[in-house]
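Colleague: I should be grateful for a close look at one residue in this model, followed by an account of other parts of the chain.

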Amino acid sequence: MTEPTRLAILYGSTRKGRLCDRVVNWVVRELAHYPLIDIDIIDPLDFGLPVHHDGEHPAVAALAARLSDADAFIVVTPEYNHSFTGSLKFVLDLVYEPWQGKPVAFVSYGGISGGLRAVEQLRLVFAELHAVTVRDTVSFANPWGRFAEDGSLENPIEARQSLVRMIARLHWWSAALKPARETRPYRSVAA
């Protein structure tokens with residue numbers, strides 16, 4: 001029997017009234033069709049993170065533990081001012097090792113670009129964190145009014161097709177990298 005992929009879905013927004021809740025709900029609803037995926041939803045608002053970088057803070061340790069448990073990540077990110085949010089950057093910068101040698105995929109949303117400018121910048125950050133980003137994304141241009149609160153989506157067929165392709169590739173990377181990390185932890189790889 002195949003072992004389930006432990007997939008962490010990370011919120012990329014902490015704004016009040018954020019659309020991110022609805023987009024995450026859609027992702028979770030769609031992933032319910034995948035029995036070999038165990039989902040952990042990581043919302044930075046649930047942790048009580050410190051205002052400043054403090055590696056000794058208990059909330060940072062709790063976040064690091066949840067991220068460390070993941071085999072792969074999906075980052076759900078809006079695009080603000082042609083980039084990703086400051087709150088997401090803060091979360092990414094709080095811990096280093098839990099990202100290493102793991103695949104990351106993106107579901108983005110925003111204006112006409114659908115959040116893809118945020119994703120392109122996130123690829124640079126994740127490269128620095130020694131993570132592997134999946135080429136395929138799910139992107140929602142001008143998504144306002146398309147999502148119900150429960151995550152149901154108006155006209156979901158194209159987005160669902162993109163998600164199926166993205167998850168297949170994320171799973172491939174996860175299956176390839178997990179045994180490599182178990183055989184030789186990434187932190188042990190010397191320059």
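Colleague: Is Asn81 buried or exposed, and what is its relative accessible area?

Modeller: This is a predicted model, in which local features need pLDDT of at least 70 and side-chain atom pairs count only at pLDDT 80 or more, whereas totals for chains, interfaces and linings use all residues. Residues are numbered from 1 along each chain as its sequence is written, and side-chain values use heavy atoms, with hydrogens and water left out.

Asn81 is exposed, because its relative accessible area is 76% (exposed is over 50%, buried under 20% and partly exposed in between, with a 1.4 Å probe and protein chains only). The residue sits in the loop between E3 and H3 (helices are DSSP runs of H or I with at least four residues, strands runs of E with at least two, numbered from the N terminus). Although Asn81 is not a glycine, its phi is positive, at about 50 degrees. Most residues other than glycine have a negative phi. Asn155 also has a positive phi, near 55 degrees, and is likewise a residue other than glycine. Asn155 belongs to the loop between E5 and H5 and is exposed, with a relative accessible area of 59%.

The loop that holds Asn81 leads on to the helix pair H3 and H4. Helix H3 covers residues 86-94 and helix H4 residues 116-128; their axes lie 11 Å apart at an angle of about 10 degrees (axes are lines fitted to C-alpha atoms, for helices over the stretch in contact, and angles between N-to-C directions run from 0 to 180 degrees). H3 and H4 are therefore roughly parallel (under 35 degrees; over 145 is roughly antiparallel, 65 to 115 roughly perpendicular and the rest oblique). Their crossing is right-handed, the near helix being turned clockwise from the far one by less than a right angle (anticlockwise would be left-handed). Leu88, Lys89 and Leu92 of H3 meet Leu122, Val125 and Phe126 of H4 (contact means heavy atoms within 4.5 Å). By class, the residues of this contact are 5 nonpolar, no polar and 1 charged (Ala, Val, Leu, Ile, Met, Phe, Trp, Tyr, Cys and Pro count as nonpolar, Asp, Glu, Lys and Arg as charged, and the others, Gly among them, as polar).

The loop with Asn155 leads to helix H5. Helix H5 has 27 residues, 157-183, and should span 39 Å at 1.5 Å a residue; its end C-alpha atoms are 40 Å apart, which agrees (the expected span is 1.5 Å times one less than the number of residues). The buried residues of H5 are Ala159, Ser162, Leu163, Met166, Ile167, Leu170, Ser174, Leu177, Lys178 and Arg181. An α-helix has 3.6 residues a turn, so residues three or four places apart point the same way. Among the elements that cover the buried residues of H5 are helix H1 (20-31) and strands E1 (5-11), E2 (37-42) and E5 (132-141).

The axes of H1 and H5 come within 11 Å and cross at roughly 70 degrees, and the two helices are therefore roughly perpendicular. This crossing, too, is right-handed. Trp26, Glu30 and Leu31 of H1 meet Ala159, Arg160, Leu163 and Ile167 of H5; the contact has 5 nonpolar, no polar and 2 charged residues. Within H1, Glu30 counts as buried because its relative accessibility is 8%. Leaving aside residues up to four places away in sequence, Glu30 touches Arg160 and Leu163. In the loop between H1 and E2 lies Ala32, which is exposed at 61% relative accessible area.

Two further residues complete the account. Leu67, in helix H2 (residues 58-69), is buried, with a relative accessible area of 0%. Beyond residues up to four places away in sequence, Leu67 touches Ile42, Phe73, Val95, Pro98, Trp99 and Lys102. The C-alpha atoms of Leu67 and Phe126 are separated by 14 Å, at 59 residues apart along the chain. Arg184, in the segment after H5, is partly exposed, with a relative accessible area of 47%. Not counting neighbours within four places in sequence, Arg184 is in contact with Val189 and Ala190.
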